[in-house]
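Please read the following account with the sequence and the model side by side. It starts from a single side chain and then moves outward through the rest of the chain.

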Amino acid sequence: KKAGLALNTAAIPCVGMLIAPPRCAATTFEMAIAPWFGDAIGLLPFSVAFFAVVLLLTLKPTRIIDVVGKVLTPLLVAGIVVMVIAGIVNPLGPVGAPETDTVVADGVLAGYQTMDILAVVGFSILVQESVRAAGYDEKRDQVRVTARASLVACVLLAVIYGGLTYLGATSASVVPHTVSQAELITMIVWKLMGEAGVAVLGIVVGLACLTTAIGLCGATADYVERITMRRVSYRTALIVVVVAALLICNLGLTNIIALASPILSVVCPPFMTTVVLLLFRKHLRGTWVFKGAALAAVAASLLLTVHDLTGAFAFVEAAPLYAYGFAWLLPSLIGGVGGAYFGSKASVNFAADLRADSIRPRADEASRKLINCTITMTLLPSIAHESGDGGAITCASFAMVGSRIRGISPNRRKL
């Protein structure tokens with residue numbers, strides 16, 4: 001119970017306060033304000049106005065947030081698809097050789113910036129509930145519909161991530177390597193679609209980031225209120241979240257991404273390990289396997305991150321898969337085996353452990369609300385030259401899939 005709560009509580013601030021909301025504001029500034037006003041409007045006054053609106057609309061929610069989110073999500077995805085097609089028809093330049101020897105590892109680290117793995121469990125719950133609400137009560141039907149939705153999401157992700165990777169690769173010879181991630185995508189859009197494309201992109205991304213920040217800040221405050229059993233009020237938690245996001249936002253987009261990198265490098269591996277183990281939960285007795293694997297992943301990731309920052313532990317470079325960014329995998333496997341061994345004599349099984357967790361319903365309900373808000377997430381600025389990272393495009397894809405599932409009726413199951 002305590003380990004799961006700690007892991008979940010480590011993820012919530014990342015998604016809802018320390019990284020995503022500040023990055024939303026900084027992204028809006030660099031993609032919707034800076035290209036047109038330059039230094040005339042600074043980040044500080046803009047961020048104060050941005051989070052004032054976030055605070056106001058979070059304290060007094062309105063349906064416009066849901067409507068805007070539902071409209072902007074497919075609009076942004078469609079816009080990116082058009083941009084990718086334009087980049088394929090008229091390439092910006094040739095695809096050159098990689099400028100780094102650690103392309104895979106860089107791609108893994110950039111992938112952490114999307115924070116998809118931190119939201120995957122919540123998304124799975126949301127998709128499952130949507131399938132049930134659509135009238136699919138039989139488990140076999142639920143599996144079939146979910147599999148189809150997952151296939152659609154997979155195709156969309158492949159198109160978007162692959163397309164952005166291609167655009168990033170072709171832009172290497174025409175875009176200066178010193179530009180930030182937001183400047184990179186803005187310059188690519190300008191070269192492919194002109195000023196009109198940059199204007200449309202700025203408006204859509206700005207509104208989408210605003211709705212995202214509103215949902216994440218509100219849901220995080222709700223999580224804090226629930227997990228503390230109302231000892232911390234929603235209003236108090238919301239003010240703390242918004243102020244913290246405001247302060248972090250003024251570090252600038254590039255610094256926010258740099259700050260997020262070591263945090264996510266420690267937080268993401270245990271989540272990845274847990275998600276994979278959940279696929280085999282029917283064959284696992286008790287929760288010791290999860291605890292051992294996750295704890296080992298945290299310990300290994302922490303050691304690797306400290307080495308990346310300081311170079312203090314050179315021996316970790318000899319670990320298997322280090323060059324690919326997965327040096328924590330073997331320690332996690334060993335931790336899982338060790339957990340299975342020490343928990344082999346436990347009389348309480350996995351399901352019983354979950355039923356006995358009195359705090360789980362509150363945490364699950366708050367977490368589900370948080371993830372539901374992230375459905376409206378669109379573009380977070382993690383687009384890099386090497387990886388073409390699509391930020392929260394994953395969330396956009398799931399939002400489209402989720403909306404399709406909600407629109408399916410039992411009478412149309414053959415579609």
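In this predicted model, Glu 30 makes contact with Pro 35, Ser 180, Ala 182, Thr 186 and Leu 253, once residues up to four places away in sequence are set aside. Glu 30 itself belongs to helix 2, which covers residues 20-37. Although Glu 30 is buried, no salt bridge accompanies it, and the nearest side chain of opposite charge, Arg 23, is 11 Å away. Because a salt bridge requires a side-chain nitrogen of Lys or Arg within 4 Å of a carboxyl oxygen of Asp or Glu, Arg 23 at 11 Å does not qualify as a partner for Glu 30.

The wider setting is that of a protein chain with 15 helices and zero strands. Of the 415 residues in the protein chain, 47% are buried. Among contacts with a separation of 6 or more, 80% are between residues 24 or more positions apart. The protein chain exposes about 20200 Å², and carbon and sulfur atoms supply 68% of that area.

How many salt bridges are counted in the model? The count comes to three. One of them joins Asp 141 to Arg 144, with the closest N and O atoms 3.1 Å apart, and both residues lie in helix 7 (residues 139-170), where they are three residues apart, about one turn of the helix. Within this pair Asp 141 is buried, because its relative accessible area is 10%, whereas Arg 144, with a relative accessible area of 29%, is partly exposed.

Another salt bridge links Arg 226 with Asp 222, whose closest N and O atoms are 2.7 Å apart. Here too a helix holds both partners, namely helix 8 (residues 181-227), in which they are four residues apart, about one turn of the helix. Arg 226 has 25% relative accessibility and so counts as partly exposed, while Asp 222 is buried, with a relative accessible area of 5%.

There is also a salt bridge between Glu 225 and Arg 230, with the closest N and O atoms 3.2 Å apart. Glu 225 is buried at a relative accessible area of 14%, but Arg 230 is exposed, its relative accessible area being 63%.

The cysteines can be considered next. The count of disulfides comes to zero. Cys 24 takes part in none, and the nearest cysteine sulfur, that of Cys 209, is 4.5 Å away; since a disulfide calls for cysteine sulfur atoms within 2.5 Å, that separation is not sufficient for Cys 24 and Cys 209 to count as a pair. Cys 217 is likewise in no disulfide, and in its case the nearest cysteine sulfur is that of Cys 24, 8.5 Å away. Cys 24 is buried, with a relative accessible area of 0%, and Cys 217 is buried with a relative accessible area of 0% as well.

At the surface, Val 104, Leu 321, Tyr 324, Leu 329, Leu 330, Leu 333 and Ile 334 form a nonpolar patch, which together has about 640 Å² of accessible area. Which helix supplies the largest share of the nonpolar patch? That share, four residues, comes from helix 12, which spans residues 329-342. Leu 329 has its place in helix 12, and because its relative accessibility is 31%, Leu 329 counts as partly exposed. Patch residues need over 30% relative accessible area, so Leu 329, at 31%, meets that requirement.

How values were computed
Residues are numbered from 1 along each chain as its sequence is written. This is a predicted model: local features need pLDDT of at least 70, side-chain atom pairs count only at pLDDT 80 or more; totals for chains, interfaces and linings use all residues. Side-chain values use heavy atoms; hydrogens and water are left out. Patches are made of residues with over 30% relative accessible area and no salt bridge: like charges are joined within 9 Å, nonpolar side chains (Val, Leu, Ile, Met, Phe, Trp, Tyr) within 5 Å. Accessible areas come from the Shrake-Rupley method with a 1.4 Å probe; for residues, only the protein chains shown count as cover. Helices (H or I, at least four residues) and strands (E, at least two) are DSSP runs, numbered from the N terminus. Buried means under 20% relative accessible area, exposed over 50%, partly exposed in between (1.4 Å probe, protein chains only). Lys and Arg count as positive and Asp and Glu as negative; His and the chain ends are not counted. Contact means heavy atoms within 4.5 Å.
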